[in-house]
Amino acid sequence: MRGIVTKSTGSWYKVLVDGKEVDARLRGKIRTLNLKSTNPVVVGDTVILDNDGEEYLIKEIEERQNCIVRKSNKLSKQFQIIAANIDRAFLIVSPAKPHTPQGFIDRFLATAEAYHIPVTILLNKKDLDSKKALLHRNHLMELYPSVGYDIFNVSFLDAEDVSFIEQLIGNQCVLLAGNSGVGKSTLINAILPDCNQKVSEISSSYHKGRHTTTFAQMFLGEQGSKIIDTPGIKDFGMVQTKPNQVSHYFPEMRSRLAECKYSNCLHTEEPDCQILKAVENQEIAVTRYVNYLSILEEVTV
Ligand SMILES: Nc1nc2c(ncn2[C@@H]2O[C@H](COP(=O)(O)OP(=O)(O)O)[C@@H](O)[C@H]2O)c(=O)[nH]1
Ligand SMILES: [Mg+2]
Ligand SMILES: [Zn+2]
C-alpha cells in the first residue's frame with residue numbers, strides 16, 4: 001500500500017494511508033535516494049508500506065518531485081532533508097517582534113529557487129507595526145513584486161486574512177517557513193482549529209538564537225491541503241551549490257546573465273558585467289545584490 005509521511009522523528013514515522021494516519025517503522029535496509037543525507041525518509045515522502053500483521057513497515061520511497069534541506073553542520077557535506085514534494089513555500093515574515101531581516105528573506109528565496117519551490121511571502125502582524133517596522137514593511141512590499149514574488153500584508157489574527165490565505169493554499173502541499181515567533185503555529189491553528197498547536201509568547205528568548213531540535217510536521221486540511229510546519233528550523237541552506245550557480249537563484253540576475261561578457265561571470269569585479277551595471281543603475285536593488293554576495297562568499301568557502 002502507498003502512503004504519505006506526515007511526521008518523521010528519525011526512528012518512527014506517521015504515514016497517511018487511505019485517509020488515516022498510522023505509525024510505521026523503517027524496514028532494515030532501504031534504497032536511499034540521497035547518499036549524503038542523514039535521514040532517509042522525510043515528511044512529504046510518498047512511501048510503499050507493508051504490514052507484517054504487527055506493524056507497518058516502510059519498504060520503499062518513491063522518487064521525490066523536490067525537497068528542501070538544511071546543512072547538518074556548517075562544514076560537513078552532510079545534510080538533513082526537511083521535507084519533500086512541496087508545491088509552494090509560504091515564507092512568513094514579521095517586520096517587528098520578532099524582526100525578520102532582509103538577509104534571511106533573500107537567503108530563503110534563493111534556496112527555494114535552487115530547489116524549484118515557488119515562494120509566496122506573507123508579511124504578517126500588520127496590526128503591530130511601529131513606525132520603523134512600517135518602513136521596513138513598505139520597503140519589502142515594493143521590492144519583492146519587482147523581482148517577481150507575490151507578497152501580501154496580513155495578520156493571522158484577522159479572520160478575513162486567514163480565509164484569503166486558505167484560498168491561496170487551495171489543495172496544495174505548502175511548507176511554512178520563517179524565523180521563530182513570526183506566527184507559523186498561529187496560522188495553522190487558525191486554519192485547522194482542531195490541531196491545537198502550541199503558540200509561544202513573544203519573548204526576548206527569540207533573540208538568543210537558541211537551538212531547538214524539532215521536526216517538520218504535516219497537517220491535513222479539509223480540501224486535501226497539506227500544511228508543513230518547520231518549527232525551530234531557520235537555517236535552510238543550499239548544498240552542493242557552485243559559485244557560478246548562485247546568480248541563477250536571483251530572478252532579476254538570472255534574466256540578465258546572458259548579457260555578461262564572461263559566461264562564468266560571478267558579477268563581483270569582472271569587466272562588462274551586466275549585473276554590476278544594473279546595480280549601478282538601480283535596476284537591481286543594492287540590498288539584494290549585497291545578500292547575493294554574502295551567499296556567494298559562503299558557497300565559495
Ligand atoms: N499581534 C499579532 N500577533 C501575532 C500575529 N500572528 C502571530 N502572533 C503572535 O506571535 C506569537 C508567536 O506566534 P507562533 O505562532 O508561536 O510563532 P511560530 O514560532 O512561528 O510558530 C504568538 O504570541 C502569536 O499570538 C499577528 O498577526 N499579530
Ligand atoms: Mg511554532
Ligand atoms: Zn556578470
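How many Å separate the centres of domain 1 and domain 3, taken over C-alpha atoms? The separation is 41 Å, and the views below start from that overall picture. This is a predicted model in which local features need pLDDT of at least 70 and side-chain atom pairs count only at pLDDT 80 or more, while totals for chains, interfaces and linings use all residues. Residues are numbered from 1 along each chain as its sequence is written, and chains are lettered from A and ligands numbered from 1 in the order in which they are written.

**Figure 1. The whole protein and its domains.** Domain 1 covers 2-61, domain 2 covers 77-229 and domain 3 covers 243-300; these bounds come from an automatic or database domain assignment. The protein has seven helices and 13 strands, where helices (H or I, at least four residues) and strands (E, at least two) are DSSP runs numbered from the N terminus. The C-alpha trace spans about 70 × 45 × 35 Å along its principal axes. The radius of gyration, taken over C-alpha atoms, is 20 Å, which agrees with the value near 19 Å for a compact globule of 301 residues; that rule is 2.2 Å times the number of residues to the power 0.38. Of the 301 residues, 35% count as buried, meaning that 20 or more other C-beta atoms lie within 10 Å of the residue's own; 12 or fewer make a residue exposed, anything in between makes it partly exposed, and C-beta atoms are placed from the backbone.

**Figure 2. The shell around ligand 1.** Here we meet 19 residues around ligand 1, of which Ser-155, Gly-183, Lys-184, Ser-185 and Thr-186 come nearest; a residue is near if its C-beta atom, placed from the backbone, lies within 6 Å. The shell has six nonpolar, nine polar and four charged residues. In that count, Ala, Val, Leu, Ile, Met, Phe, Trp, Tyr, Cys and Pro are nonpolar, Asp, Glu, Lys and Arg are charged, and the others, Gly among them, are polar.

**Figure 3. Helix H4 and its cover.** In H4 (residues 184-191), the buried residues are Lys-184, Thr-186, Leu-187 and Ile-188. Their cover includes strands E8 (88-93), E11 (173-177), E12 (217-220) and E13, along with helix H3 (159-169).

**Figure 4. Strands E8 and E9.** E8 and E9 pair in the parallel sense over five bridges; pairing asks for at least two bridges found by DSSP. Phe-90 stands opposite Thr-120 in E9. Four of the five residues of E9 are buried, so E9 is largely enclosed by the rest of the structure.

**Figure 5. Two lysines with positive phi, and a cis proline.** Lys-97 sits in the loop between E8 and H1, with phi near 45 degrees. The peptide bond from Lys-97 to Pro-98 is cis, with omega near -10 degrees. Lys-97 counts as partly exposed because it has 14 C-beta neighbours inside 10 Å. Lys-125 has phi near 65 degrees and lies in the loop between E9 (119-123) and helix H2 (131-147). Lys-125 is buried, with 25 other C-beta atoms within 10 Å.

**Figure 6. Val-239 in its loop.** Val-239 is found between strand E13 (226-229) and helix H5 (251-254). With 20 C-beta neighbours inside 10 Å, Val-239 counts as buried. Leaving aside neighbours within four places in sequence, Val-239 is in contact with Val-69, Lys-71 and Phe-79, where contact means C-beta atoms, placed from the backbone, within 7 Å.

How values were computed
Two residues are in contact if their C-beta atoms, placed from the backbone, lie within 7 Å.
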